[in-house]
Amino acid sequence: MSEGELDLDAINRRAWKERATVGAYVRLQGWTDPGEQAAVEHVAAQVRSRPILDIGVGAGRTTAILRPISSDYVGIDYTQEMVQACRAAHPGARIEHMDARDLSAFEDGRFALVVFSYNGIDAVDLAGRRQVLREVHRVLQPGGLFLFSAHNRQGPGFGEGPRLRFTFSWNPLKLGWRALQSVRSLARSARNHRRFRALNEPHPDWAVMNCAAHDFGIVIVYTTLSEQERQLQAAGFATELVVSNVDGRPVAHDADTSGITWFHYVARKP
Ligand SMILES: C[S@@+](CC[C@H](N)C(=O)[O-])C[C@H]1O[C@@H](n2cnc3c(N)ncnc32)[C@H](O)[C@@H]1O
């Protein structure tokens, strides 16, 4: 990406492959939130010992969660640096370098469950998102499940701006180090935010927006619950369950979703 040229895909690809980003995902273990746990528990019994595709596997946090459900497991990521980190963390697992928009390496109906965790699908633009949904639908068996999470257009994270994030410590060395890191992070966030907000495109049901993650280093798609359900329906899915990231509880269609940062969706291919 040259100076002055802004492109969502190029911005996000560059953010994922940075050493700090890969390192952050290597350190990330366990559930991201109660909603992820509830959604995985909802699907686990139905897909036990059946084929699973884990898209945007990152450094393998979800590999540790999904392989105990089935050893017929493939993880994919379009960031080579993440693929390497994941292979190093899970030497016995099948991890491939692949873009979710093109799953032609897999035949129709290959998987019982496809997962795209931690809002990874939001890092693809709207046209790409439709391609992902089509491809996931194609590689799923009839009755198969797609589990993914996506940022809420009406949630508290939408439209955030850079601010100083700092955790106090009584240890003077730690305190100094944290202060330095916080100031660096704020400066980087402010720079990225100034530059990438040119791509912001807010609409009532969806939006493209610079997001706080990785020092405002990524630009993502936000969707309302009803817009996401429409997209799933257009791709041939039936939405089976939507849960909140905050407490893992099911979210009703007419609920006030302003406190929910992201939703976990379980959709079924009929
Ligand atoms: C937010 S990280 C989540 C990593 C991991 N799933 C986790 O929860 O720890 C998103 C990951 O999705 C990957 N990703 C984003 N778009 C992708 C695409 N179109 N195809 C494959 N991987 C993608 C990124 O490289 C990154 O590793």
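Q: What makes I52, L113, V114, V115, F146, L147 and F263 stand out in the largest nonpolar core?
A: In this predicted model, the largest nonpolar core has 65 residues, and these seven touch the most other members. As background, nonpolar side chains in soluble globular proteins tend to be buried together.

Q: Which residues does F146 touch, leaving aside those up to four places away in sequence?
A: V114, V136, L140, F237 and A267. A contact here takes C-beta atoms within 7 Å, so each of these five pairs with F146 passes that cut-off.

Q: Why is N119 called buried?
A: Count the neighbours: N119 has 26 other C-beta atoms within 10 Å. The bar for buried is 20 or more, so N119 qualifies. N119 sits in the loop between β4 (111–116) and α6 (126–139). Its backbone is worth a look too: phi is positive, about 65 degrees, although N119 is not a glycine.

Q: Is D215 buried or exposed, and how do you know?
A: Buried. D215 has 21 C-beta neighbours inside 10 Å, and 20 or more is what it takes, so D215 makes the cut. D215 belongs to helix α8 (residues 213–216), and here again you get a positive phi, about 55 degrees, in a residue that is not a glycine.

Q: What makes strand β8 (residues 218–223) count as mostly covered?
A: Six of its six residues are buried. I218, I220 and Y222 point one way, V219, V221 and T223 point the other, and all are buried. That back-and-forth fits the general rule that side chains in a regular strand alternate between the two faces of the sheet.

Q: How do you know that β7 (residues 206–211) and β8 pair?
A: Pairing needs at least two bridges, and six join β7 to β8, so the two strands pair. They run antiparallel, with M209 standing opposite I220 in β8.

Q: What makes up the shell around the ligand?
A: The ligand is surrounded by 23 residues, the closest being G56, G58, T79, Y118 and G120. The elements giving two or more residues to that shell are α4 (61–66) and β2 (73–77). By class, the shell has 12 nonpolar, seven polar and four charged residues. Glycine counts as polar here, so G56, G58 and G120 go in the polar class.

Q: Which elements have the lowest and the highest mean pLDDT?
A: Helix α7 (residues 172–196) has the lowest, 90, and strand β1 (residues 52–55) the highest, 99. Over the protein chain the mean is 95, with 98% of residues at 70 or more.

Definitions and conventions:
Residues numbered from 1 in each chain as written. Predicted model: local features only at pLDDT ≥ 70, side-chain atom pairs only at ≥ 80, totals over all residues. Near = placed C-beta within 6 Å. Helix = DSSP H or I, 4+ residues; strand = E, 2+ residues; numbered from the N terminus. pLDDT = per-residue confidence, 0-100. Core = buried A, V, L, I, M, F, W, Y, C linked by C-beta atoms within 7 Å. Buried ≥ 20, exposed ≤ 12 C-beta atoms within 10 Å, placed from the backbone. Contact = placed C-beta atoms within 7 Å.
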